[in-house]
Amino acid sequence: MTGEHFRRLPYAEAEPKALKVLVDGYGEGILLEGAGGYYGLYYLFGVLGLRGPVPSHPPDWVEGPKASLTAFMEPYRMAHWLEENGYNLFINESK
């Protein structure tokens, strides 16, 4: 699987395949293995004021491939990194 495939992957399909899940009040980072390494799929539902992920929604941000599972940020840190780097509206446009 490639980054393009992961950008369209709904939460309900990604979560059961997770190698690791990063969870905090901002959302969840689902870490999966794909072409060329590991990918982080960030479902940032807390930023939207939701209490949990919407099963049919694709990720708000996809990062990767990376060589290690430890190279990914917690959702809180990712949301702030996105804002600091000019992604004020980083919600996935395919939703």
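These are my notebook entries on a sheet, a helix and a loop residue in this structure.

**Entry 1: the model.** I worked from a predicted model, so every entry below describes a prediction.

**Entry 2: the sheet.** I looked up the strand order first. The sheet is open, has four strands in the order 1-2-3-4, and pairs them antiparallel. I then asked which strands form the edges. They are strand 1 and strand 4, the latter spanning 61–66, and each of them pairs on one side only. I also checked the angle between neighbouring strands: on average they are turned by 15° against each other, direction ignored.

**Entry 3: strands 1 and 2.** I went through this pair next. Strand 1 covers residues 20–24 and strand 2 covers residues 27–34; the two run antiparallel and are joined by five bridges. The connection between them is a hairpin through two residues. I looked up what stands opposite D24 and found G27 of strand 2.

**Entry 4: strands 3 and 4.** Strand 3, residues 37–43, runs antiparallel to strand 4, and I noted four bridges between them. One residue I followed across was G40, whose bridge partner in strand 4 is E63.

**Entry 5: helix 3 on the sheet.** I asked which strands helix 3 touches. Helix 3, residues 75–84, packs on the sheet and touches strand 1, strand 2, strand 3 and strand 4. Its direction makes about 105° with that of strand 4.

**Entry 6: the two faces of helix 3.** I listed the buried residues of helix 3: P75, M78, A79 and L82. Why do they lie on the same side of helix 3? They do so because they cover an arc of only 100° around the axis. I noted the general background too: an α-helix has 3.6 residues a turn, so residues three or four places apart point the same way. The buried residues of helix 3 pack against strand 1, strand 2, strand 3 and strand 4. On the face turned away from this buried side I found R77 and E84, which are exposed.

**Entry 7: after helix 3.** I checked the backbone just past the helix. G86, just after helix 3, takes a positive phi of about 90°.

**Entry 8: P58.** I located P58 in the loop between strand 3 and strand 4. Is P58 buried or exposed? Its relative accessible area is 10%, and the cut-off for buried is under 20%, so P58 counts as buried. I also looked up its separation from A14. P58 and A14 are 44 residues apart in sequence, and their C-alpha atoms are 9.1 Å apart in space.

How values were computed
Residues numbered from 1 in each chain as written. Predicted model: local features only at pLDDT ≥ 70, side-chain atom pairs only at ≥ 80, totals over all residues. Heavy atoms only, no water. Pairing = 2+ DSSP bridges. Axes fitted to C-alpha atoms, helices over the stretch in contact; angles between N-to-C directions. Contact = heavy atoms within 4.5 Å. Buried < 20%, exposed > 50% of the residue type's maximum accessible area, 1.4 Å probe, protein only. Arc of directions from axis to C-beta.
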